[in-house]
Amino acid sequence: MVGFTTRILHSDRQDAIEHGSLHKPVHGSVAYGYADARDLAGVFQGTHKGYSYGRQVNPTVAALEKQINDMERGFETVCFSTGMAAIGTLLFALLRRGDHFVSSSFLFGNTNSLFNSFTAHGLEVSFVDATRAEHVAAAIRDDTKLVFVETIANPRTQVADLEGIANVCQQHNLIYVVDNTMTTPFLYQPIDSDADIVIHSLTKYIGGHGNVLGGAITDTGRYDWQSFGNIYDTYQKGDPRKWGITQIRKKGLRDFGGTLDAEAANRIALGAETLALRIEKQCENAQRLCDYLIAHPRCKTVYYPGLAHHPEFERTKRLFKHPGAIFSFELHDGIDPFEFMNAMQIVIKSSNLGDTRTLAIPVAHTIYFEMGPERRASMGIDDSLIRISTGIEDVDDLLEDFERAFQATT
């Protein structure tokens with residue numbers, strides 16, 4: 001088995017590429033023709049290999065799906081237009097009215113909003129503290145179908161009890177879904193903790209340059225889909241290991257339409273080639289910045305799994321290659337977070353994560369504003385909380401930028 005980066009770089013070349021190209025070309029066509037009408041019918045029925053229609057299959061997107069699948073050591077992967085499209089399609093394809101699922105309460109704001117929106121359409125969700133598996137176990141009901149957690153929570157960096165929750169899911173035959181966006185397959189592969197489904201926002205670290213949107217669902221091949229009552233009769237054909245991912249692609253991607261564009265897939269695939277190089281530097285910068293901040297008299301607290309005082313520090317060391325590249329911190333009372341951020345000259349005031357540039361955002365006033373103060377308080381989000389997505393700049397320049405901001409607000 002070759003190394004992680006070598007595997008990504010040469011993924012396209014595992015199959016023949018037109019004209020000896022080193023990269024899979026961008027296929028812009030949405031329709032595919034066949035000389036024999038029987039072959040066309042066979043493609044639609046799944047008995048003949050080929051492409052049917054661009055909403056669910058495309059050669060360029062298929063190359064990216066193979067690349068992501070290789071990263072996660074998965075069974076099969078489906079890509080989407082965004083990470084949110086991937087998560088929404090997962091629920092749309094696998095759950096039905098009256099079904100219940102359990103989710104981490106320390107959840108990305110848009111995912112939280114999406115889950116609550118689904119409750120208006122007949123699904124039920126219980127939000128729990130996923131840092132302890134017993135909280136997940138206590139929330140399980142007879143109608144529970146799946147459990148959804150993130151590896152490292154955004155923005156407070158809580159780390160889920162990934163191994164303990166896997167045991168709970170196995171005991172109750174639940175689909176175990178892990179959003180691996182914050183860690184990426186380079187730092188952690190959820191299949192090692194017996195995850196059944198892995199989610200990615202490809203927009204973040206895998207694409208890596210803040211210039212493209214994308215999402216992915218990877219089936220690790222662990223779950224017994226014959227035991228899942230929500231598989232439609234149409235998809236209970238052939239290899240049972242394919243039933244779940246086929247329903248996600250056809251009932252989900254085809255019907256819901258969150259299709260990844262071929263141009264975007266090509267851009268993500270190119271960005272993914274340098275994932276390991278970028279995230280090594282980003283994690284190194286994050287650790288240096290957090291070590292600086294935790295010792296600064298004007299900083300109240302820092303949330304980063306690479307710090308010894310973090311509640312899941314030992315878990316992070318055991319599971320992840322590095323503690324990730326996002327962190328958040330609170331300023332001491334009297335320091336205006338807006339003025340602090342405005343004093344920075346290198347760090348960019350922006351949303352998004354995983355860019356090559358370091359980004360900062362005042363969490364309570366932006367991405368978590370719609371939740372309201374009560375929900376923010378339950379998640380431990382202080383009004384002064386600033387989230388940092390660390391880039392690949394020279395770390396001394398970043399340290400100087402932070403110090404400049406502290407000096408300007410003193």
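How much space lies in the largest cavity? About 60 Å³, as Figure 1 picks up below. A quick word before the views: this is a predicted model, where local features need pLDDT of at least 70, side-chain atom pairs count only at pLDDT 80 or more, and totals for chains, interfaces and linings use all residues. Residues are numbered from 1 along each chain as its sequence is written, and side-chain values use heavy atoms, with hydrogens and water left out.

**Figure 1. The largest cavity, with about 60 Å³ of space.** Here a cavity is a set of points, on a 1 Å grid over the protein atoms alone, where a 1.4 Å probe fits but cannot get out, and lining residues have an atom within 4 Å of a point. A volume is the space filled by probe spheres set on the points, which are joined across faces, edges and corners. The count comes to four cavities of 30 Å³ or more. Around the largest cavity you'll find Asp12, His23, Lys24, Thr60, Ala63, Leu64, Ala265, Asn266, Ala269, Leu270 and Glu273. H3 and helix H10 (262-272) each give at least two residues to this lining, and H10 has the largest share, with four. Helices (H or I, at least four residues) and strands (E, at least two) are DSSP runs, numbered from the N terminus. By class, the lining splits into five nonpolar, three polar and three charged residues. For that split, Ala, Val, Leu, Ile, Met, Phe, Trp, Tyr, Cys and Pro are nonpolar, Asp, Glu, Lys and Arg are charged, and the others, Gly among them, are polar.

**Figure 2. Helix H3, mostly covered.** Of the 14 residues in H3, 11 are buried, where buried means under 20% relative accessible area, exposed over 50%, and partly exposed in between (1.4 Å probe, protein chains only). Among the buried ones are Thr60, Ala63 and Leu64, and these also help line the largest cavity. The end C-alpha atoms of H3 are 20 Å apart, which agrees with the 20 Å its 14 residues should span at 1.5 Å a residue. The expected span is 1.5 Å times one less than the number of residues.

**Figure 3. The largest pocket, with about 1,600 Å³ of space.** A pocket is an open set of grid points with protein on both sides within 12 Å along at least five of seven lines. This one is lined by 42 residues, and the closest to its centre are Lys49, Gly50, Val57, Glu76 and Arg249. Helix H2 (37-45), helix H3 (59-72), strand E1 (76-80) and helix H9 (243-256) each chip in at least two lining residues. H3 turns up again here with the largest share, seven residues. The lining has 14 nonpolar, 14 polar and 14 charged residues.

**Figure 4. The second largest pocket, at about 450 Å³.** Its lining holds 25 residues, with Phe108, Asn110, Ser201, Lys204 and Leu353 nearest the centre. At least two lining residues come from each of helix H4 (83-94), helix H5 (109-119) and strand E6 (197-201). In this lining, nine residues are nonpolar, 12 polar and four charged.

**Figure 5. Two of the aromatic pairs, from 16 found in the whole structure.** Rings of Phe, Tyr and Trp (its six-membered ring) pair if their centres lie within 6.5 Å; planes under 30 degrees apart count as stacked, over 60 as edge-to-face and the rest as tilted. Phe4 and Phe186 make a tilted pair, 5.3 Å centre to centre with 55 degrees between the planes. Phe4 sits in helix H1 (residues 4-9) and Phe186 in helix H8 (residues 184-187), so this pair ties together parts 182 residues apart in sequence. Phe4 is buried at 13% relative accessibility, and Phe186 is buried at 12%. Phe340 and Phe406 have ring centres 4.8 Å apart and planes at 70 degrees, so their pair is edge-to-face. Phe340 belongs to helix H13 (residues 337-342) and Phe406 to helix H15 (residues 395-408), so the parts tied together are 66 residues apart in sequence. Phe340 is buried at 0%, as is Phe406 at 1%.

**Figure 6. A cluster of linked rings.** Ring pairs join Tyr292, Tyr304, Phe327, Phe329, Phe340, Phe402 and Phe406. Tyr292 is also one of the buried residues of H11.

**Figure 7. Charges over the rings of Tyr232 and Tyr303.** A charge sits over a ring if NZ of Lys or CZ of Arg is within 6 Å of the ring centre and within 35 degrees of the ring normal. The charged end of Arg96 is 4.3 Å from the ring centre of Tyr232, while Arg156 lies over the face of Tyr303 at 3.9 Å.
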